[in-house]
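Welcome, and thanks for taking a look at this one with us. Please keep the sequence and the 3D view side by side as you read.

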Amino acid sequence: MALAFSCAKRNDDSNAPNRTIKIGYFGDLSGPTFNFGQSAINGVLMAADEINQAGGIGGHRIDVVIEDDKGSAEEAARLTTKLIDNDKVVAIIAGGTSGNSRAAAPKAQSSHTPFISPSGTDPAITQAGDYIFRACFVDTFQGEVMASFAVNTLKAQKAAILFDFNSPYGRGLTSYFRTSFAKLGGKIVSEQSYAQGDADFKGQLSTIRSAEPDVIYIPGYYGDVALIAKQARLIGLTQPLLGGDGWDAPELWQLGGDALNGAYISTHYSVDDPSPAIKTFVDLYRQRYGNLLPDAHAALAYDAARILFAAIASAGSTDGDKVRDALAQTKNFAGVTGVISMDADRNAVKPAVVLKLQDVKFIYQETIQPQAAATSASPSPTGSVKASPY
């Protein structure tokens, strides 16, 4: 890594005066999904420190410029402009939700600044242009994963959905789950909606109760989901609650408690996976952050940063066009969240895991590979590996 960059820097000394490579980061550090943003910046800083302690990239240290978008899409777009125009970053890592990455991506694209979203699963993010990447799977796959799990593992025939109609994440997962569940022979018996920040969900839940579903799919974020779970149990709904990676935050248990027991989520990795790479990552993260367990957002951001740093080293330059080309050529990158390759649309092709929520734990159930990767998947030592049927 150091050799490639140092050779190329003879003709590219844009960072020579201070011997640093400035990387921008924005995420929600104080708003409604602050846990996502804080976990993500923890992962980014851990990856940057590892590179810096090893001598940087060609002797150039990574300097992460951190901004708080407060959970606002408008603020994310404004901060992207600031990071590019004022701070002169060479690339941006976008922590947090899909909506904020969608709002920010056009500015990065128009300025030819490489932009990578660790956890933005909305397919529309990378459609902003060829400088926009992601380190996670897309909601199309995530919706299929949970529909497949509901039908094939839980033997569900009827499902209800309760989603945030203002959220691209919630609307997208609802659409993909609905379509996939029907393809597998299931029936959606009730579809209800809410808005992020609502406090009373009893009306929607009572309607769902009357429909008698086998499972209830709630593709929302952890703050709302915890309240929904509590109110669902209070009115007598005992069916398994299903969700996505928006549930994956330590604060979920603090807010939802025992009401979450028996629920299942699709997400990006399991902290309990015994693979050496994950065990090393978890141990080092806990040492660094006061015994805190790294959630999916921490692991994804760690992977996104490492992919970006590897691309800069491979490009031998901080030039946006060259880094973009190197990112697009990412193949079989050994990430904490799986082996990662970029497809033609700059989306990460990688597996998903299903976790069961029980007694303040996320318990590994199975790994589901995208169809293209299924033939090369190796069984997990703690559970089963399945291919998505789509």
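What follows is a short tour of confidence, helix packing and a few individual residues in this predicted model.

## Confidence in the model

Let's begin with how far the coordinates can be trusted. The mean pLDDT of the protein is 90, and 90% of the residues score at least 70.

Where does pLDDT stay under 50? One such stretch is residues 1-17, for which the model has 36 contacts beyond four places in sequence. Another is residues 372-390, with 42 contacts beyond four places in sequence. A word of caution belongs here: where pLDDT is low, the predicted coordinates should not be read in detail.

## Helices H2 and H10

Now to the helix pairs. Helix H2 covers residues 34-53 and helix H10 covers residues 276-288; their axes come within 11 Å and cross at roughly 100°. That angle falls in the range of 65 to 115 degrees, so H2 and H10 are roughly perpendicular to each other.

Which residues make the contact? From H2 come Ser39, Asn42, Gly43, Leu45, Met46, Asp49 and Glu50, while H10 brings Phe281, Leu284, Tyr285 and Arg288. By class, the residues of this contact of H2 with H10 are five nonpolar, three polar and three charged.

## Helices H5 and H6

Next along the chain, helix H5 (residues 139-153) packs on helix H6 (residues 168-183) at an angle of about 45°, and their axes are 8 Å apart. H5 is therefore oblique to H6. The crossing in which H5 passes H6 is right-handed.

If you would like to display this contact, select Asp139, Thr140, Gln142, Gly143, Glu144, Met146, Ala147, Ala150 and Val151 in H5, together with Tyr169, Leu173, Tyr176, Phe177, Ser180 and Phe181 in H6. The residues of the contact of H5 with H6 divide into nine nonpolar, four polar and two charged.

## Helices H11 and H12

Helix H11 spans residues 296-315 and helix H12 spans residues 320-328. They pack with their axes 8 Å apart, at an angle of about 120°. Why are H11 and H12 called oblique to each other? An angle of about 120° lies outside the 65 to 115 degrees that count as roughly perpendicular and is not over 145, the cut-off for roughly antiparallel, so the pair is oblique. The crossing of H11 and H12 is right-handed.

On the H11 side, the contact consists of Ile307, Leu308, Ala311, Ile312, Ser314 and Ala315, and these meet Lys322, Val323, Ala326 and Leu327 in H12. Sorted by class, the residues of the contact of H11 with H12 are eight nonpolar, one polar and one charged.

## Two residues with positive phi

Some backbone angles deserve a look too. As background, most residues other than glycine have a negative phi. Arginine 346, which is not a glycine, has a positive phi of about 70°. Arginine 346 sits in the loop between strand S12 (338-342) and strand S13 (348-349). Is arginine 346 buried or exposed? Its relative accessible area is 12%, so arginine 346 is buried.

Valine 360 also has a positive phi, near 65°. You will find valine 360 in the loop between strand S14 (352-358) and S15. With a relative accessible area of 58%, valine 360 is exposed.

## Three more places to visit

Strand S15 (residues 361-369) holds threonine 367. The relative accessibility of threonine 367 is 9%, so it counts as buried. Threonine 367 and valine 353 are 14 residues apart in sequence, and their C-alpha atoms are 4.3 Å apart in space. Glycine 338 belongs to strand S12, and at 17% relative accessibility glycine 338 counts as buried. The C-alpha atoms of glycine 338 and aspartate 303 are separated by 9.3 Å, with the two positions 35 residues apart along the chain numbering.

Lastly, aspartate 272 is in the loop between strand S10 (263-267) and H10. Aspartate 272 is exposed, at a relative accessible area of 52%. How far is the C-alpha atom of aspartate 272 from that of tyrosine 131? The separation is 34 Å, for two residues 141 residues apart along the chain.

Technical notes
Residues are numbered from 1 along each chain as its sequence is written. This is a predicted model: local features need pLDDT of at least 70, side-chain atom pairs count only at pLDDT 80 or more; totals for chains, interfaces and linings use all residues. Side-chain values use heavy atoms; hydrogens and water are left out. Axes are lines fitted to C-alpha atoms, for helices over the stretch in contact, and angles run from 0 to 180 degrees between N-to-C directions. Helices (H or I, at least four residues) and strands (E, at least two) are DSSP runs, numbered from the N terminus. Angles under 35 degrees count as roughly parallel, over 145 as roughly antiparallel, 65 to 115 as roughly perpendicular and the rest as oblique. A crossing is left-handed if the near helix is turned anticlockwise from the far one by less than a right angle, and right-handed if clockwise. Contact means heavy atoms within 4.5 Å. Ala, Val, Leu, Ile, Met, Phe, Trp, Tyr, Cys and Pro count as nonpolar, Asp, Glu, Lys and Arg as charged, and the others, Gly among them, as polar. pLDDT is the predictor's confidence in each residue, from 0 to 100. Buried means under 20% relative accessible area, exposed over 50%, partly exposed in between (1.4 Å probe, protein chains only).
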